Each structure stands twice: as structure tokens, then as C-alpha cells.
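Please look through the sequence and the structure shown here before reading on. The report that follows takes up a few residues in turn and then turns to the chain as a whole.

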Amino acid sequence: MGLHPLEFSDCYLDSPKFRERIRAHELELEKTNRFIKELQKDGKNLFAATKNIIAAQRKFAQSLSDFKFEYIGDAKTDDEKCIDESLHEFSVFLKNLEDQREIMMININETLLKPLEKFRKEQLGAAKEERKKYEKETEKYYTALDKLLNLSAKKKDQQLQEADIQVEQMRHHFHEESLEYVYKLQEIQERKKFECVEPMVAFFQGVFTFYHQGYELANDFNHYKTELQINIQNTRNRFEGTRSEVIELKNKVKQNPQEHLQTSRLCNEGYLYVQEKRPPPFGSSWVKKYCTYMKEQKIFNMFSFDPRSGGKMGEPESVILKSCTKKPMDSIDRRFCLEIEVTDRQGLVITVQALSEEDRKQWMEAMGGKESVSTLCRTYAKREGIEAHLNEVGFSLVKNCIRAVESRGIKDQGLYRVVGVSSRVQKLLNILIDEKSYTEVDLSASEDWEIKTVTSALKQYLRSLPEPLMTYGLYKEFIVPAKCGTPESRVHAIHYLVHKLLEENREMLDMLIRHLAKVSENCKENLMTVANLGVVFGPTLMRSEEETVAAIMDLKFQNIVVEILIENYETIFKTVPNSSCTAALSSSPSAPPRLSRRQSQRQNRPLAVYNPQMELQPVECPNSVREDTLVDSTESVSSHSSNATTSSASGSPPEKAKNRRRSSAGEFFDLDSHSFISWLNIPSPTSPASPNENFLFMSTNVQDDKSSQRDVCRRARAKFSCEAGHSSELSFQVGAIFEDVVTSKEPGWLEGSLSGRRGLIPENYVEFL
């Protein structure tokens, strides 16, 4: 039952029931007042708690942003780059979410707490004042009425009349105040329905807006999340393959450590105990040092370092070796000792103790001692397996297996990942490589051999080749574009390298990759995506000649190379590289769009102009990649200039490079490792990579004149104005001159100095001077 309405006519009767109804209305307003006070208190607590959660979330976001994953190896895959950036992406997402939450909290204060407080003070406060007046008038009226009724009838008429008039006036004031109070009570009862609820609506609208913004942020994040999940899955798959290889290598090393001693560019290195003589009567002491010997320079280095202390390696003590002899046992009380005579310090002889007799012999041989042992250059055990060759039998085996898979098993789940029974696989291989019987078996028409047996036989054959299909010689060159460069330059680089393969290798690789492309087209049924096929065939088609952990860490890049081959089969195998421009990107002459550094790593960058005169240091490749790839490189490839074209047309052919190979199409391709890395992603110093000037091309011209190479650090002028989007970037106006400009590790960016400040510059915003 709700509140009874207060009739104005009841103000004149002022009955007990009327008073009860007024009291009920008053209690309701008191309850409303308490409710608003409690709500304000809870709202302030909510406000404070939300401010705390905003601060905590932002601190959490900052922690995510500050942390960076370290990785093993000299480069990261695109998947690892995305995973590495993911924490920063999460941080940005949380910060954006907390910005919306902060807006919501401001709305809570403005749209809920303040309106409710205003209603409580103005409306409920006014009702309290009216009640006080009503009670005061009631008291005055009924007191005066009691006095009037208690007057003696013997009073004079004039006195009685005056008393009557006075009471009548009080009655009139009482009725007026009663009417006003009743009106006020009922007005507030009706007003509270909207003046209390309307702020609630505004509050919930703010809350819903916040959650809607969160939903929108989640939608924006969804695409990245999906991509990240794929990156994580790819990385997980590569991890599984890498882990099995590492475990296998670990077990091999455990069983026979001497067979797996890692070769070094130094002739020998390891720990030795060096005898240090002291003044009498202290005698001498033996100090453990890490020693290296470089045979070509005959330099013997000794570093003070104790692995147990965890101290840093100090500066080396270097001497030039003259001779090394075995220390006779009767002349010293320690075993495994050597005497090293030096040339740069007259009369100095250093006595050192090896860790074992085998270790002493190794140092003796390395330093040209009198005793000799087997060579230190360790070779790794050959993989046990069948006698596989790239001959007619081998091509028949591959074609037979491919026909069988494509005719009866291309939609089988886990194709090429599910392995067959080893005995059955070996039996099938023996049949298929037998020169007498290899033509008698048609696997596509025979149900005797399971598809998993056929696929395992194909993989086993490829692994058993004396040299991987993509060869040891080109292994490092294939790895380079997987580690650096733009997506387009990677395809062009691998395109070029495929056509450097011997004809039989390229023909079989063509046949296999065409088949794998068909397999990937059926990935919805067989679950073998391009990434999954890369995991399976990466180590099968290419591998390092050295079996080391570092080489195993490159498995992920082997997988990427295979993925590129599968995804770009038509481009790589059905076209032949040439020396003319193969791609050109153009855009409007206005300022080109400047992507954020995060976006620039995700989106395809314009293809860079190759120029051999530019130094190679700025390439976005790890130092170790450059060091390995640039060794013994003495030639570079020049671009096709108008002069070169004229020269060729007039009958003056360009000079041929030394490492030329003839392709099946009869064209020559000249490119050494030095030029190859430049070709991946270096802008021309004379023609900056503006949107309408970006070309990627290769040339057969060779330029041996090293004196024409230009300095890496150059000056550049801004063609467009730019506002920095990050603290590491530079803001500048048109015409600004940059000093010491080099190519940045960030794709599509340069690094230079302007007005004493150094930072990043979009490469397509400037031209070199």
C-alpha cells in the first residue's frame, strides 16, 4: 500500500488520520534523505576505488610496456617480433581502457553525486524548513486556542472579541501553513521520482558507454589478437621442432663430446693454468686463465677470468708465440705442462698447465709443437640412412610419392606430420631406390602402402641426400632474407637464390614446392597450413653443415624460407630473375603517409632502391649475419643507370661477376654476398626512397672500384614537414637539414641529427644532399 494522498480540505479538519498521513509522508522523506546520503557515501568510495584501479592498471600497463623478451640467436622471426611487441600492444589497450574509465568516473561525479546532493539540500531541506514552520504554527494556534477557551465568560465583551480576532488570525495562518506544507510534501514525493532516478540514468549511461568503448576496443584488438594467436602457434610449432633437435644434439654431445667440439675462427681456446713467478721467498703460483691462440698472427692471449666468481673478463695479456714445447716431467711437479717462448719479450718463457693430456696435445698441435695429434677440425657424423641421390631414381621416387598423396590422401589430417611405422617406411624406400624395381611400383594405384608411410618415405629420402636440396653452400644466403628485409625483398631475394641452385636441385625443389602449395590449399581438411608445412620441411630442405645449437636456433628461419617458397610458388619458380626493374610503387606527390614504427613493421614497406655504392653497415640485419655473409666478398653489383644502358647498347658489355651461374632459362645472374645484403633493403643515397621512386632491381654490372663507395653518414633535406609521434622521433619543417644520417634498424626509417638532437626520420620524407 502506497502513501495516502493529502487532501487540502483535511488541513482545516486536522484530524488524527490526517496527522498520521502527514507523518507517513515525513518518514518517507527521511528515508529518502538517508538513502541519498548512503548512496553518496558509496559513490565516493566507488570513485576512490576506481581511481585506485585506474592507477594500478596504468602501472600494470607500464610494466608491460617496459618489459622486452630476449631471444636466442642473431635475429627474430616476424612471429617473434609480433610476440615481442604484444606486451606493448597490451599496454596500449589497457591505457586506452583506463582513459575511458577515467571519463566514466568524471561523469559519475558530475551526473550522479552532485545532482543527488543538490536534490537532498534544496528539496528535502526545503521540506524540513516547511515542517518546522508547520509545527511552529500548529503550536501557536493550539496554544492560543487553549487560552481562548479558558477565558472566563465574565470578561468584558471587548476583551473577548479581541481574543477571538487574535485566535482567528492564528487559525488562518495555521491553515495557510498547513496547506503549504501538504503541498510541499506531495510535490517532493512526486519530484523525487525523476530527480533521483534521472542521475541514475546518466550514471548507467556513463557505465554503458565505458563498457561499449571497451567492446569497441576489443573489436579493434580482435584482429591483432587473432594474428597474435597464429604467431604464438607458429612459434610453438617451431619450438617443438627445435626442442627435439636440441635434445638430439645434447644426447650426441653427451655420448661423444670429442666428436662435437665446436670449431672456432681461433685456432684453439680454453682454460689453462699459468705459472706466475713471484719474488723470493714466495716462489710461484698457478693462476687459472682463459687463453686463446690465433694461428695466423701467432698471438697468444690470456684473460683473467674465474667462472665461479662471475666476474667480468679483464683485458687480455697478449704475447707473440715463437715456439711451444712439452715440459719434461722430471723438471716440474705438475702434469700436462707446456713451455711457451715468445718473441716480443726477450727471454720470456711462459709455463702453462693444460687440463688433460688430450688438451695438452691439442694446444701443442695448434701452436705448432713437436708432437702432433689428429686434426682439430672436427667433422660431424653422417646421418645414417639410405643411399639417396638426385638421379633418375630419386626423381621417380619423389614423383611417385607426390602422385600417391595428391590422388588418395591430400585431405588426410596431419598429412606429413603423422609418421609411418619405421620398418614399413624403410621397406618402401628400399623398393623405390632399387634401380631394378623402382619402376614397378605405382603408389597412387596401390592401397598396400598407407599415406603416412608414403609421406614418411618421401621425407626420409630428402633427409638422406648427401647434401640438402637447397645446398650447404647457399644455406646462409637463404637465411639472410628470412632474418631481415621487407616482405617484397624477401621474395625477390629467395627468387634469385632459387635460380642459383643447380638445375637438378631446382627442378626437384620446384616439383616438391608445387605439391606443398596444393597441400596447403586443402588446409581446412588436412590442417596443414603453410606454417605447419614450413615446420615439417624447413629442416628437411635446408640445414647448416655444422650441427650446433646456434644452427638449430636457425630452424625457425629455415621454416620461414619454406613458407615463402610455398606462398609465392608461381612468382619464384615460374618467372626468371632479370636485371631490369621488377617493381615500382607510386603515390600522390603530396607528403607520403608516415606509419608509426609499430605499423611500419606490420605493413609492407615500399621496395628500396639498390645502390652498390652505399656501405652495408646500416642494413637491418644482425651483425653476425653480416659478418658471416660478407666474408671474402670482393665484388659488388652496380645498378642499371642510363650510362650503363648506353654503354651496353653501344656494344660494351658489362663486366661479368666471378660467381656467375647459368640458369635453366639461359640467363646469367651475378651477385655475391656483399651485394646481396645491399639488395635486400638499402635506399639509394642519390635517389631517396620516395613513394614514386621506389624500385627493386638487380644488375649484372660489376663495380670493383671501392674508392667510389660513399660514407654511411650523410646529410639530408626534409621534403615534407613532420610532427613526431614518439619521443624517439624528430619533428621538422620543410627544408630542415639533417646531419649524420644513417639507415635505422627500424624498417622505413632513418636516424639523424637536427639542432643538436638525434632521432628517427621517415625515410620517404627526406632527400639526400
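## Asn532 and its contacts

Once the neighbours within four places in sequence are left aside, Asn532 is in contact with Asn237, Arg417 and Leu527. This description, like everything that follows, rests on a predicted model. Asn532 has its place in helix 14, which covers residues 530–541, and with a relative accessible area of 11% Asn532 counts as buried, because buried means under 20%. One of the residues in contact with Asn532 is also a polar partner, for the side chains of Asn532 and Asn237 are joined by a polar contact of 2.8 Å or slightly more, given as 2.9 Å.

## Two further polar contacts

Glu477 belongs to helix 10, made up of residues 475–483, and Glu477 is buried, with a relative accessible area of 11%. The side chain of Glu477 makes a polar contact with the side chain of Lys500, at a distance of 3.4 Å.

His172 is found in helix 4, where a relative accessibility of 45% places His172 in the partly exposed class. A polar contact of 2.8 Å links the side chain of His172 to that of Glu176. His172 and Tyr12 are 160 residues apart along the chain, and the C-alpha atoms of these two residues are separated by 9.6 Å.

## Aromatic pairs

How is a pair of aromatic rings described? The distance of the centres and the angle of the planes are what describe it. In this model the count comes to 17 aromatic pairs. The rings of Tyr134 and Phe174 form one of them, and because their planes stand at 20°, with the centres 6.0 Å apart, this pair is stacked. Tyr134 lies in helix 3 (residues 78–149) and Phe174 in helix 4 (residues 157–195), so the pair ties together parts of the chain that are 40 residues apart in sequence. Both rings belong to buried residues, since Tyr134 has a relative accessible area of 2% and Phe174 has a relative accessibility of 1%.

Phe720 and Tyr765 form an aromatic pair that is edge-to-face, with 5.6 Å from centre to centre and 70° between the planes. Phe720 sits in the loop between strand 11 (714–718) and strand 12 (737–743), while Tyr765 sits in the loop between strand 14 (757–762) and strand 15 (766–768), so this pair ties together parts that are 45 residues apart in sequence. Phe720 counts as buried at 17% relative accessibility, and Tyr765 counts as buried at 6%.

## A ring cluster and a charge over a ring

Ring pairs also link residues into a cluster, which consists of Tyr134, Tyr141, Tyr142, Phe174 and Tyr181. Elsewhere, an aromatic ring is paired with a charge: Lys288 lies over the face of Tyr271, at 4.6 Å from the ring centre.

## Positive phi angles

Lys298 is not a glycine, yet Lys298 has a positive phi of about 60°. The residue is found in the loop between strand 2 (284–294) and strand 3 (299–304), and at 43% relative accessibility Lys298 counts as partly exposed.

Ser755, which is not a glycine either, has a positive phi of about 55°. Ser755 lies in the loop between strand 13 (749–754) and strand 14, and with 78% relative accessibility Ser755 counts as exposed.

## Cysteines

How many disulfides does the model contain? The count comes to 0 disulfides, where a disulfide is a pair of cysteine sulfur atoms within 2.5 Å. Among the cysteines, Cys11 is buried, with a relative accessible area of 0%, and Cys82 is buried as well, with a relative accessible area of 6%.

## The chain as a whole

The secondary structure of the protein comes to 21 helices and 15 strands. Of its 769 residues, 44% count as buried, and the accessible surface of the protein comes to about 41,300 Å², of which 51% belongs to carbon and sulfur atoms. When contacts between residues at least 6 apart in sequence are considered, 71% of them join residues that are at least 24 apart.

Conventions:
Residues numbered from 1 in each chain as written. Predicted model: local features only at pLDDT ≥ 70, side-chain atom pairs only at ≥ 80, totals over all residues. Heavy atoms only, no water. Buried < 20%, exposed > 50% of the residue type's maximum accessible area, 1.4 Å probe, protein only. Helix = DSSP H or I, 4+ residues; strand = E, 2+ residues; numbered from the N terminus. Polar contact = N/O pair within 3.5 Å; in protein donor to acceptor, adjacent residues only side chain to side chain. Contact = heavy atoms within 4.5 Å. Areas by Shrake-Rupley, 256 points an atom, 1.4 Å probe, with all protein chains shown as cover. Phe/Tyr/Trp six-rings, centres within 6.5 Å; stacked < 30°, edge-to-face > 60°. Lys NZ or Arg CZ within 6 Å of the ring centre and 35° of its normal.
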